Amino acid sequence: MPLYKRIPRVGIGGPVGSGKTMLIERIVPLLYDKGYRVGIISNDVVSKEDANRMRHNLATKRGLLPEELVIGIATGGCPHTAVREDPSMNLSAVEEMESKHNYLDLIIIESGGDNITTTFSPALADYFIYLIDVSGGDKYPRKRGLGIETCDLLVINKIDIAPYVEADLKIMEKDAKHVRGNRPFVFVNSKGGEGINEVASYIIRDVLFEAPKNIQI
């Protein structure tokens, strides 16, 4: 039996540029305002750029968490392998975080940008958020893929640029409902903050099993 406390884990995946890092940077302050303490593990192929960015924006700049609570992993190959087929590197990082910081309420694991087949191993993540963005066109939800179909929460990001890329949000909503059935999805503008409260509420309710306070779904 492990000597450390097992901390709930949320996996966040999606293609390059879909806004995973910015979503995390927006969610974490909301969770901290509600009293939840969060650690972050960020995967990328060869660099730790996203981890360094979050460390700067959330730890150094805003002082929300210690720098050691943002860990970067250079997977050396397709990031989805490190969160699905062989999550050993991530599991090791999670266990280290659990043993050193057992006061945490949540660990967020970011997959490096990948295609629409990305999913997380159930041994690694308890809850899976998948991001797409409207720049790929309003056809994105109906193109399906394991990430879109099976994630616990689908986030459709960058809705602010929909008029400029001729993406019809009503079509995306209709197709997302058809493809996902009863599974939830949220329209988000991470840069402007629209929809972020809703994403945080799902995490609080479905992962932390608390009633969201002052956040409406």
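A residue is called buried when its relative accessible area is under 20%, exposed when that value is over 50%, and partly exposed in between. Keep those cut-offs in mind as we walk through this structure, which is a predicted model. Arginine 142 makes a good trial case: with a relative accessible area of 44%, arginine 142 is partly exposed because this value falls between the two limits.

Let us begin with the sheet. Seven strands form an open sheet with parallel pairing, and their order is S3-S2-S4-S1-S5-S6-S7. The edges are taken by strand S3 (70-74) and strand S7 (185-187); each has a single partner strand, so one side of each lacks a neighbour in the sheet. On average, neighbouring strands here are turned by 20° against each other, direction ignored. As background, strands of a sheet pair through backbone hydrogen bonds, either parallel or antiparallel.

Now look at strand S1 (9-13). On one flank, S1 pairs with S4 in the parallel sense over four bridges, and glycine 11 stands opposite isoleucine 109 in S4. S1 also pairs with S5, again in the parallel sense and over four bridges. There, phenylalanine 128 in S5 is the bridge partner of glycine 11. How enclosed is S1 by the rest of the structure? Five of its five residues are buried, so S1 is largely enclosed. In a regular strand the side chains alternate between the two faces of the sheet. In S1, Arg9, Gly11 and Gly13 point one way while Val10 and Ile12 point the other way, and all are buried.

Moving along the sheet, strand S5 (residues 127-133) pairs with strand S6 (residues 153-157) in the parallel sense, over five bridges. One of the residues involved is leucine 131, whose bridge partner in S6 is valine 155.

Helices lie across these strands. Helix H4 (residues 88-100) lies across S1, strand S2 (38-44), S3 and strand S4 (106-110), and runs at about 160° to S2. Helix H7 (residues 196-206) lies across S1, S4, S5, S6 and S7, and runs at about 165° to S5.

What about the nonpolar interior? The largest nonpolar core has 63 residues, and the ones that touch the most other members are Leu106, Ile129, Leu154 and Val199. Leucine 154 shows what such a set of neighbours can look like. Setting aside residues up to four places away in sequence, leucine 154 touches Tyr130, Ile132, Ile148, Ala176, Arg180, Pro184, Phe185 and Val186.

Charged side chains offer another way to read the model. How many salt bridges does the structure hold? There are nine, and three of them can be followed here, starting with lysine 100 and glutamate 96, whose closest N and O atoms are 2.9 Å apart. These two residues are four residues apart in helix H4, so about one helical turn separates them. Lysine 100 is exposed, with a relative accessible area of 56%, whereas glutamate 96 counts as partly exposed at 38%.

A second salt bridge, in helix H6, joins the side chains of glutamate 173 and lysine 177, at 3.6 Å from N to O. Once more the partners are four residues apart, about one turn of the helix. Both count as partly exposed: glutamate 173 has 31% relative accessibility, and lysine 177 has 48%.

The third example brings us back to arginine 142, which forms a salt bridge with aspartate 175, with the closest N and O atoms 2.9 Å apart. This pair links distant parts of the chain, 33 residues apart: aspartate 175 is in helix H6 (residues 169-180), and arginine 142 is in the loop between S5 and helix H5 (146-150). Aspartate 175 counts as buried, because its relative accessibility of 13% is under the 20% limit.

Finally, turn to aspartate 50, which is in helix H2 (residues 49-60). Is aspartate 50 buried, exposed or partly exposed? With a relative accessible area of 23%, aspartate 50 is partly exposed. Leaving out neighbours within four places in sequence, aspartate 50 is in contact with Thr21, Ser42, Asp44 and Glu110. The C-alpha atom of aspartate 50 is separated by 9.9 Å from that of isoleucine 71, a residue 21 residues apart from it along the chain.

Notes:
Residues are numbered from 1 along each chain as its sequence is written. This is a predicted model: local features need pLDDT of at least 70, side-chain atom pairs count only at pLDDT 80 or more; totals for chains, interfaces and linings use all residues. Side-chain values use heavy atoms; hydrogens and water are left out. Two strands pair if DSSP finds at least two bridges between them. Axes are lines fitted to C-alpha atoms, for helices over the stretch in contact, and angles run from 0 to 180 degrees between N-to-C directions. Contact means heavy atoms within 4.5 Å. A salt bridge is a side-chain nitrogen of Lys or Arg within 4 Å of a carboxyl oxygen of Asp or Glu. Buried means under 20% relative accessible area, exposed over 50%, partly exposed in between (1.4 Å probe, protein chains only). A nonpolar core is a set of buried Ala, Val, Leu, Ile, Met, Phe, Trp, Tyr and Cys residues joined through side-chain atoms within 4.5 Å.
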